[in-house]
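Please load the structure in a viewer and keep the chain and residue selection tools at hand. The tour below proceeds one selection at a time.

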Amino acid sequence: MGKSAQFPLHVWLPDAMEGPTPVSALIHAATMVNAGVYLVARTNVLFAHAPQAMLVVAAIGIFTAILSASIAFTQTDIKRVLAYSTLSQLGYMFAALGVGAWTAAIFHLMTHGFFKGLLFLDSGSVIHAVHDEQDMRRMGGLARKIPITYATMLIGSVAISGIPPLAGFFSKDEILGEAFKNGFVWVWLVGLIVAGMTAVYMFRLMGLTFWGPSRVDRQVEPHIHESPRVMTIPLILLAIPSVLLGLLIGFPPENGLLHGWLAPVFEEALATGGQHEAAFSLFGIDGVLILASVTVAVLGIVVAWRLFGVELPLLRREPQPERVQAITARAPFLYRASLNKWWFDDLYDLLFIRIGGRIAAALWWFDRVIVDGTVNGIGIGTQRIGGQLRQVQTGRVQNYALGIALGLLVMAGSYLVITAR
Amino acid sequence: MPGGILTLITFVPLVGAIVIAFLPRERPDLARFTALGTALLAWVFSLYMLIGFLPTHPGFQFVEVADWIPAFGIQYKLGADGLSVVLVVLTTTLTWISILASFGPIKERVKEYMISFLILEVGMVGVFLALDLFLFYIFWEVVLVPMYLIIGIWGGPNRIYATIKFVLYTLVGSLLMLVAILATGFAFQDAHGGQWAGAFDFEQLRAFAGTTGFANGLQLGAFLAFFLAFAIKIPMFPFHTWLPDAHVEAPTAGSVILAGILLKLGGYGFIRFALPLFPDAAKTYAPAIIVLSLIALIYGAIVALVQPDLKKLVAYSSVSHMGFVTLGIFIFQQQGLYGAILQMVNHGLITGALFLLVGVIYERTHDRTIAKMSGLSGRTPVYAATFGFFMLASVGLPGLSGFVGEFLVLVGSFAYAPAVAGVATITMIFTAGYLLWMYQRLFFGEMSAFLHEIGSHLTDMRPVETLTLVPLATLVVVFGLFPGLVLHLVDGTVTSVLNSLGRATAINLLFWQ
Amino acid sequence: MSGQDLLTISPLIAAILVAVAVLIVDLIAPGRREPALATALLGLGIVAILTAVAGRTPGQAFGGSYTVDALTTFLDLLFISIVALTIAFAPDYLEPRDLPIAEFAAVLVFALTGAMLIAASTDLLVLFLALELMVLPGYLLAAYAKHDSLSTEGAIKYFLLGSFSSAIFLFGLAYVWGLTGSTRVADVAAELGKIASGGPALAPGLALGLAFMTTGVAFKIAAVPFHYWTPDAYQGSPTPVTGYLSVGPKVGAFALILRLFVGALGSLRGDWLDVVIVLAALTMTLGNLVALTQNNVKRMLAYSSIAHTGYMLVGLAAYAGGRQEGLQGLLYYGAAYTFMNLGAFAVVAALQRRPGVTSSLDTFAGLGRREPLLGILMTLFLLSLTGIPPTAGFFGKAYVILAAVQAGGPLTILAVIAMLNAAAAAFYYLRVVVYMFMREPATEGEPQRHGNLVWAGLWTTSVLTILLGLIPAPLLSVVSDAARALGS
């Protein structure tokens with residue numbers, strides 16, 4: 001579970017993504033962190049036999065999802081937003097595994113791999129364009145200057161927000177739908193909120209980066225230019241599946257190509273868990289659920305639009321920083337919690353570096369003073385006894401004679417006792 | 001396979017040592033190359049033995065018997081099963097590597113040093129091959145003296161304290177073991193109508209232990225004495241404090257052998273002698289030993305975290321890693337035993353290599369304080385990469401050999417008690433913690449002022465140094481990918497030990513091979 | 001006295017003649033060492049041959065008070081080796097100090113006759129006479145450096161306390177004689193055997209007699225708490241004498257114990273078992289503990305010899321606990337101890353070739369560099385004294401421990417105590433090795449030249465130290481024959 005960076009072991013992922021190049025960040029996002037999801041999915045039978053474990057997985061997953069989403073709200077580093085977004089989406093996948101939506105989890109894993117890879121490469125392109133600046137407060141108005149990056153990143157954002165018919169919609173909706181149908185209404189509810197939050201923070205990212213007035217450094221501004229082909233072509237190549245993948249392998253819903261491939265894998269788990277994936281009915285409960293999630297996604301986009309501005313045709317709107325400030329002022333605690341990532345880094349710093357360091361130092365003291373001290377103490381003590389005994393050797397012959405006489409007395413006494421037995 | 005191969009492996013180094021004694025003092029290179037040649041010869045013989053060994057054949061092979069002290073049925077009896085073969089080859093390999101690694105650092109009294117090292121090899125190989133308890137004890141003690149000299153003469157500033165501590169600590173354990181060996185032999189003699197024949201013959205003693213069995217009181221006492229001797233050697237918490245001192249003061253090659261082979265003598269002793277001869281006592285004491293192993297695991301790792309001295313850090317990491325060995329042995333599970341044996345081999349390779357690497361930097365800076373180093377990777381990239389490789393192997397990165405042994409022990413301990421496996425797993429986090437942190441402090445960041453002062457002496461690895469590490473790295477990768485190479489050799493050992501404990505060996509480990 | 005008697009006691013007579021011959025040679029060529037040494041060593045060789053020949057035909061002389069059996073032969077040969085080796089080691093030390101060598105050799109050979117008489121005597125009175133014959137030359141030797149006040153002081157203490165203890169011992173003998181009506185060992189044993197096998201109860205007088213005799217011999221072997229004389233006498237004596245005193249009279253006294261306690265009082269062993277156990281434990285523990293604190297190698301070896309007495313007593317205790325192997329172990333240990341301890345003292349003596357060189361630890365600093373061969377040999381002796389295989393000391397220790405473990409009960413605990421002691425002893429033995437090889441000398445001294453005799457003696461002791469550890473079987477059969485000669 002640590003591999004997939006789930007709460008409470010999630011701290012490492014954003015830190016790892018901050019430093020390296022976008023390419024390695026992509027690797028993190030698309031492959032490595034997925035290993036944990038894969039592991040749980042692969043051992044599905046084991047988990048299916050342990051409903052409590054499933055419940056734990058679901059709870060941790062959905063909690064990671066909402067926690068990370070809330071942190072992504074306020075981060076100003078473009079890659080950090082994406083990193084927490086990754087965490088949040090991985091949380092979805094875990095929640096899906098936890099509620100028994102095995103196929104949906106893998107489905108989301110795949111779609112997410114594409115659009116999150118796209119987003120990371122986009123962010124790399126953006127950072128490259130503004131001369132290695134990662135802080136979104138020093139961006140803005142980049143849409144026209146780097147159009148390909150802009151366009152592909154918009155596609156990625158729409159996809160992750162879960163707007164049909166892009167890839168993210170199908171997989172995310174399937175997770176939420178199955179959570180609801182399998183009786184995990186609370187997972188569905190939280191997941192729905194997270195979906196809305198996702199839309200908000202992604203379009204906040206778009207707004208801060210591409211739209212509105214430029215806040216780029218004056219010296220850098222003239223030099224902003226689109227990335228070279230080697231960077232843009234992968235972007236376009238990744239944008240295509242981000243749009244189409246859902247339709248291709250996930251349509252019709254819950255009965256697409258992917259479901260066919262994966263059915264044998266999870267057969268036994270489904271049989272054990274007793275959760276047969278219910279048939280999809282657009283005009284039944286599923287339709288309502290789709291409607292709900294799409295609505296929430298759109299709502300999220302609208303909120304972001306109202307606050308951070310949009311520069312699309314028809315929907316042009318200037319960003320409203322004062323309103324953002326008003327909102328943050330109204331909920332200062334939440335704002336600070338989000339900004340400080342719910343203080344997890346500090347908590348771990350306290351736990352592992354400070355307290356852990358103290359414990360380690362104390363143990364070392366114990367090792368030197370108590371354990372080794374005992375050993376050396378035995379040695380020194382033995383020598384000291386020897387030194388004491390040495391004093392008996394006074395060098396005076398009369399003392400020696402007395403000693404021998406006393407020894408003789410003891411000897412005679414003991415022989416008398418022994419022979420009298 | 002001609003007879004006498006085991007005697008050949010054991011005593012070839014002694015012949016080399018005698019030859020070196022007659023070489024002129026003014027020409028140290030002659031002594032160096034004679035020693036290296038002898039060690040290589042012993043190595044070749046040991047490989048020859050490895051090739052001739054039949055893993056499917058149960059029991060001991062290449063057995064050589066000769067009466068030695070017939071009045072007490074004491075024999076010169078050597079023989080090898082898979083465990084012996086594996087550890088003997090490890091010994092001969094590490095010995096020539098260590099001798100090669102000593103070419104540069106050892107400039108004083110080269111003759112005496114090489115003689116000590118070769119006699120040390122005689123003792124180590126002898127311990128792994130002796131099938132007579134009395135003979136085993138003699139080889140066990142023979143190991144002691146050269147190591148005492150190696151630390152005491154060619155060691156660091158506090159070497160005398162360290163070496164005397166090493167000797168006294170070991171002697172307390174081993175002398176009590178002698179009492180236990182004699183008592184065991186006598187119990188056998190007593191049960192056979194006063195006939196001494198076979199009283200110290202391991203195979204006969206094991207057969208006796210498997211049928212009639214030794215009296216309970218003797219088992220409890222003798223096992224305790226054996227345990228003390230082996231626990232000190234391994235070393236187990238709380239008998240470990242000689243190890244950091246000895247490691248810090250020993251010359252590099254001494255540390256390599258100390259960590260690579262000497263610590264394995266304890267694990268070998270448990271598997272070969274203590275368990276089969278005193279199975280009931282082993283079962284009685286096992287829970288306590290498991291607890292001690294767990295303490296050693298975590299305690300060693302945590303204390304390693306705060307070590308300022310590089311060698312001490314690796315020393316405490318040994319305490320922690322060897323905890324896996326004792327844990328694997330005393331859970332009495334098949335996987336655990338396989339894992340413990342593999343872990344012994346891996347720890348020998350990896351920690352041996354780590355000490356060689358510490359020696360590399362020490363030779364250039366004459367310092368091992370972690371705080372004084374940083375940013376080494378810029379100046380010495382090959383060194384950084386090699387160090388990183390073995391560091392990750394020590395962490396237990398899958399694909400490298402360190403992983404498989406620990407994993408097998410974890411699987412075994414899960415079957416024993418999930419809580420035990422849980423505690424052991426936590427250790428792996430700490431292990432990653434202290435090793436990665438150490439690596440980060442040494443190699444990343446800006447180069448420290450101290451290293452700047454070293455200036456041009458701070459060179460990357462020399463060819464000889466690389467030459468000593470390449471075989472180890474190769475084996476780490478090979479055993480990481482194909483642990484079956486080792487595991488299938490010790491099938492017979494594991495089966496017979498578990499049989500003597502009355503444990504089934506149903507689990508098929510074929511998928512490792 | 002028949003012809004057979006004469007053959008039986010011929011080694012003893014030869015020994016006396018050798019001593020006289022040495023004195024006569026010295027009279028003819030005064031102050032020249034070679035003739036005297038040659039006479040002594042050659043004579044000892046003849047004595048050894050005679051001993052071996054006489055040993056071929058075991059028998060008794062003088063109506064059963066003098067016995068030649070496997071034990072006598074073994075002990076006699078051991079005594080002859082001790083004396084021969086001491087004579088070989090002595091010149092290098094004595095000559096630079098202007099101490100006469102011929103008298104030294106003669107006195108030693110006189111002491112040898114005493115020891116040989118002990119080994120052969122099966123009569124309580126002869127036993128006592130022989131004991132005195134052995135120790136009186138010892139007093140002389142202790143005071144051999146007559147201008148050295150330390151030597152004289154040690155000798156006087158040795159003499160005073162020695163006489164005291166001899167008197168105590170004699171008192172004990174008188175009790176036994178009085179209560180059993182005989183001084184013949186065989187008769188005493190028969191009489192006591194009746195008591196042991198449920199006859200009349202043991203008289204309190206006999207218990208007192210046992211106590212007096214035990215005290216007397218405990219003094220002679222330097223068992224704690226009757227050891228006070230040893231450190232002072234050992235340190236004061238000239239080093240070759242110390243070497244002799246730490247081995248000769250000790251093995252001689254053990255011979256006395258074998259003839260008296262095992263031969264005559266064997267049937268009472270259940271009574272003296274507990275006392276010997278306590279003595280053994282005390283002796284080795286105190287000897288080792290005090291040796292730990294010594295900075296003078298000679299004094300350290302003095303205390304270490306006390307500790308070794310303790311290990312030998314373990315063998316005796318194992319015998320008392322019902323194990324014949326205890327006696328064999330004791331004898332084996334005696335032989336092993338003889339060679340390794342004499343060797344160690346020989347190295348100390350060789351180092352002190354130049355007058356004024358003390359035997360403090362500092363003298364040994366850097367010896368491994370200055371005189372490597374001497375350093376290596378000393379290391380060998382020290383390792384053997386520690387009990388590290390494959391040396392004589394190890395096998396001796398293993399032997400007595402085996403016997404103790406066989407006897408079981410409290411003796412198992414004694415075995416454990418002995419081993420813990422051995423571990424502690426490693427500290428002070430190895431400290432000498434530390435000084436020799438791991439420390440630089442305080443002053444850069446020239447390597448010294450040592451006489452051929454010293455080297456011959458050192459090679460003999462070192463080869464035997466290794467051989468008795470590596471190939472113990474031949475000596476094993478000898479000691480088991482010797483032990484069997486005593487009966488069980």
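**A salt bridge between chains C and B**

Begin by selecting Arg369(C) and Glu108(B), whose side chains meet in a salt bridge with an N to O distance of 3.6 Å. The model is predicted. For the interface of chain C and chain B, the rule finds one salt bridge. Four residue pairs, both members at pLDDT 80 or more, are in polar contact between chain C and chain B.

Next, colour the side of chain C that touches chain B by helix. The elements that give two or more residues to this side are H15 (372-386), H16 (392-407), H17 (410-438), H18 (452-470) and H19 (473-485) of chain C. Of these, H17(C) gives the most, with 13 residues. Recolouring the same side by residue class shows 29 nonpolar, three polar and five charged residues.

**The extent of the C–B interface**

Now extend the selection to the whole interface: 37 residues of chain C are in contact with 35 residues of chain B. The two chains bury about 3,100 Å² between them, and 80% of that area is on carbon and sulfur atoms. Display Leu402(C), Met419(C) and Met438(C) as sticks; together they supply 19% of the area that chain C buries against chain B, more than any other three residues.

**The interface of chains A and C**

Move to the contact between chain A and chain C, which takes 24 residues from chain A and 36 residues from chain C. About 2,700 Å² is buried between chain A and chain C, with 75% of it on carbon and sulfur atoms. Select Gln393(A), Ile404(A) and Tyr415(A): these residues supply 25% of the area that chain A buries against chain C, more than any other three residues.

How many salt bridges does the rule find across the interface of chain A and chain C? The rule finds zero. The count of residue pairs in polar contact between these chains is three, with both residues at pLDDT 80 or more. On the side of chain A that touches chain C, helix H16 (344-390) and helix H17 (397-420) of chain A each supply at least two residues. H17(A) gives the most to that side, with 13 residues. By class, this side of chain A divides into 13 nonpolar, nine polar and two charged residues.

**Two covered helices of chain C**

Select residues 102-120 of chain C, which form helix H4. The 19 residues of H4(C) reach 27 Å from first C-alpha to last, close to the 27 Å expected at 1.5 Å a residue. H4(C) is mostly covered, with 17 of its 19 residues buried.

Then select residues 324-351 of chain C for helix H13, which has 28 residues and reaches 41 Å between its first and last C-alpha, close to the expected 40 Å. H13(C) is also mostly covered: 27 of its 28 residues are buried.

**Two residues of chain B**

Select Thr91(B), found in helix H3 (residues 82-101) of chain B. Is Thr91(B) buried or exposed? Thr91(B) is buried, because its relative accessible area is 0%, under the 20% cut-off. Beyond its neighbours within four places in sequence, Thr91(B) is in contact with Met124(B), Val125(B), Phe128(B) and Ile261(B).

Finish at Trp437(B), in helix H17 (residues 418-443) of chain B. Trp437(B) counts as partly exposed because its relative accessibility is 38%, between the 20% and 50% limits. Outside its neighbours within four places in sequence, Trp437(B) is in contact with Leu305(B) and Ala432(B). A distance label between the C-alpha atoms of Trp437(B) and Ile271(B), 166 residues apart along the chain, should give 35 Å.

How values were computed:
Residues are numbered from 1 along each chain as its sequence is written. Chains are lettered from A and ligands numbered from 1 in the order in which they are written. This is a predicted model: local features need pLDDT of at least 70, side-chain atom pairs count only at pLDDT 80 or more; totals for chains, interfaces and linings use all residues. Side-chain values use heavy atoms; hydrogens and water are left out. Contact means heavy atoms within 4.5 Å. Buried area is the accessible area (1.4 Å probe) that two parts lose on being put together, summed over both. A salt bridge is a side-chain nitrogen of Lys or Arg within 4 Å of a carboxyl oxygen of Asp or Glu. A polar contact is a pair of N or O atoms within 3.5 Å; within protein, one must be able to donate a hydrogen and the other to accept it, and residues adjacent in sequence count only if both atoms are side-chain atoms. Helices (H or I, at least four residues) and strands (E, at least two) are DSSP runs, numbered from the N terminus. Ala, Val, Leu, Ile, Met, Phe, Trp, Tyr, Cys and Pro count as nonpolar, Asp, Glu, Lys and Arg as charged, and the others, Gly among them, as polar. The expected span of a helix is 1.5 Å times one less than its number of residues. Buried means under 20% relative accessible area, exposed over 50%, partly exposed in between (1.4 Å probe, protein chains only).
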